[in-house]
Amino acid sequence: MRGKKRLVIGVSGASGASLAVLLLRKMLQLSEWESHLIISAGAKRTIDIELNETIEQIEALASVVHDLHDIGSSIASGTFKTAGMVVIPCSMKTVAGIAHGYSDNLILRAADVTIKEHRPLVLVVRETPLHSIHLKNMSILASVGVRLMPPMMTFYNNPQSIDDMQMHIVGKVANEFGIELNGFKRWSGPPVDKC
Ligand SMILES: Cc1cc2nc3c(=O)[nH]c(=O)nc-3n(C[C@H](O)[C@H](O)[C@H](O)COP(=O)(O)O)c2cc1C
């Protein structure tokens with residue numbers, strides 16, 4: 001791809017909008033990448049409930065902001081080159097829409113395009129407990145190569161805070177696109193005194 005590489009970032013109304021904010025902040029440090037942000041109406045609600053940042057402050061972290069209802073936006077077409085897409089966090093409603101090709105907003109359409117163009121699509125799916133409809137929809141998506149990355153807590157790297165846990169999840173998501181984020185700690189075996 002000539003010029004900057006583009007990552008499409010959809011934010012839907014599952015809990016955990018802070019993960020999207022962390023990813024956007026980290027992407028700002030990467031001069032060779034452009035972030036294309038779409039925020040759903042559900043996400044606007046969770047952002048209001050869960051975060052201290054306003055929508056405007058979050059949108060200011062992105063290179064390009066796309067309107068959820070603008071189905072004619074660049075990222076709605078497969079001819080617009082991107083390196084892939086992540087929906088972070090990804091609600092079960094958005095999972096269902098992607099799994100069934102029901103593309104009635106720009107997050108769903110951009111995800112559909114990402115699949116049809118055989119580009120990496122990562123969904124940071126978040127709900128608990130999961131019922132069999134959720135699982136069936138995720139299974140459909142896994143069968144076409146979509147990467148399902150629930151924001152699971154990790155303990156083996158000895159996190160000291162929620163920030164550390166979030167950094168690990170976001171670092172693993174970025175890794176799917178070949179992006180190395182500052183602050184992501186890779187496992188290199190147990191500490192010497194535990195060997
Ligand atoms: C505070 C809050 C937290 C929510 N958390 C989740 C969640 O973790 N997972 C989920 O699937 N839906 C969750 N929802 C419900 C979704 O926001 C709702 O289904 C919405 O219609 C999703 O639409 P969207 O995918 O277009 O954003 C939550 C809603 C609120 C208000």
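**Figure 1. His-118 in the loop between α5 and β5.** The model shown here and in the other views is predicted. His-118 has a phi near 55°, a positive value in a residue other than glycine. With a relative accessible area of 74%, His-118 is exposed, as exposure is taken to be anything over 50%.

**Figure 2. Thr-114 in helix α5.** Helix α5 covers residues 106-116, and Thr-114 is placed in it. Thr-114 counts as buried because its relative accessibility is 4%, and the cut-off for burial is under 20%. Neighbours within four places in sequence set aside, Thr-114 is in contact with Gly-84 and Met-85, and also with Arg-119, Pro-120 and Leu-121. Gly-84 and Met-85 fall in strand β4, which takes in residues 84-90. Leu-121 falls in strand β5, residues 121-125.

**Figure 3. The open sheet of 6 strands.** The strands are arranged in the order β3-β2-β1-β4-β5-β6, with parallel pairing. At the edges are β3 (64-66) and β6 (147-148); each has a single partner strand, so one side of each is left without a neighbour in the sheet. Strands in a sheet are paired by backbone hydrogen bonds, in either a parallel or an antiparallel sense.

**Figure 4. Pairing of β1 with β2.** Strand β1, residues 5-11, is paired with β2 in the parallel sense over 7 bridges. Within this pairing, Leu-7 is opposite Ser-35 of β2. Strand β2 spans residues 33-39, and 6 of its 7 residues are buried, so β2 is largely enclosed by the rest of the structure.

**Figure 5. Pairing of β5 with the edge strand β6.** Strand β5 (residues 121-125) is joined to β6 by 2 bridges, and the two run parallel. The residue opposite Leu-123 is Leu-148, in β6.

**Figure 6. Residues around the ligand.** The shell around the ligand is made up of 14 residues, of which Gly-13, Ser-40, Ser-91, Thr-94 and Arg-126 come nearest. Sorted by class, this shell has 8 polar, 3 nonpolar and 3 charged residues. Helices α2 (41-50) and α4 (92-99) each supply at least two residues of the shell.

**Figure 7. Polar side chains at the ligand.** An N or O atom in the side chain of Thr-94 is 2.5 Å from an oxygen atom of the ligand. For Ser-40, the distance from a side-chain N or O atom to a ligand oxygen atom is 2.6 Å. A nitrogen atom of the ligand is 3.3 Å from a polar side-chain atom of Glu-127. On its own the ligand has 640 Å² of accessible area, of which the protein covers 71%.

**Figure 8. Ser-40 in the loop between β2 and α2.** Ser-40 has a relative accessible area of 9% and is buried. Its side chain reaches the backbone nitrogen of Ala-43 at 2.9 Å. Leaving out neighbours within four places in sequence, Ser-40 is in contact with Val-11, Ser-12, Gly-13, Leu-68 and Ile-107. Tyr-102 is 62 residues from Ser-40 along the chain, and their C-alpha atoms are separated by 15 Å.

**Figure 9. Thr-94 in helix α4.** Thr-94 counts as buried, at 5% relative accessibility. Beyond neighbours within four places in sequence, Thr-94 is in contact with Ser-12, Val-87, Ile-107 and Leu-108. Ser-12 and Ile-107 are also among the residues in contact with Ser-40. From C-alpha to C-alpha, Thr-94 and Ser-40 are 9.6 Å apart, with their positions 54 residues apart in sequence.

**Figure 10. Two cis peptide bonds.** One joins Ile-88 and Pro-89, with omega about -5°; Pro-89 is in strand β4, residues 84-90. Another joins Thr-128 and Pro-129, again with omega about -5°. Pro-129 is in the loop between β5 and α6 (132-143).

**Figure 11. Asn-158 in the loop between β6 and α7.** Helix α7 covers residues 162-175. The phi of Asn-158 is near 60°, a positive value in a residue other than glycine. Asn-158 counts as exposed at 55% relative accessibility.

Technical notes: Residues are numbered from 1 along each chain as its sequence is written. This is a predicted model: local features need pLDDT of at least 70, side-chain atom pairs count only at pLDDT 80 or more; totals for chains, interfaces and linings use all residues. Side-chain values use heavy atoms; hydrogens and water are left out. A residue is near a molecule or strand if one of its heavy atoms lies within 4 Å of it. A polar contact is a pair of N or O atoms within 3.5 Å; within protein, one must be able to donate a hydrogen and the other to accept it, and residues adjacent in sequence count only if both atoms are side-chain atoms. Accessible areas come from the Shrake-Rupley method with a 1.4 Å probe; for residues, only the protein chains shown count as cover. Helices (H or I, at least four residues) and strands (E, at least two) are DSSP runs, numbered from the N terminus. Ala, Val, Leu, Ile, Met, Phe, Trp, Tyr, Cys and Pro count as nonpolar, Asp, Glu, Lys and Arg as charged, and the others, Gly among them, as polar. Buried means under 20% relative accessible area, exposed over 50%, partly exposed in between (1.4 Å probe, protein chains only). Contact means heavy atoms within 4.5 Å. Two strands pair if DSSP finds at least two bridges between them.
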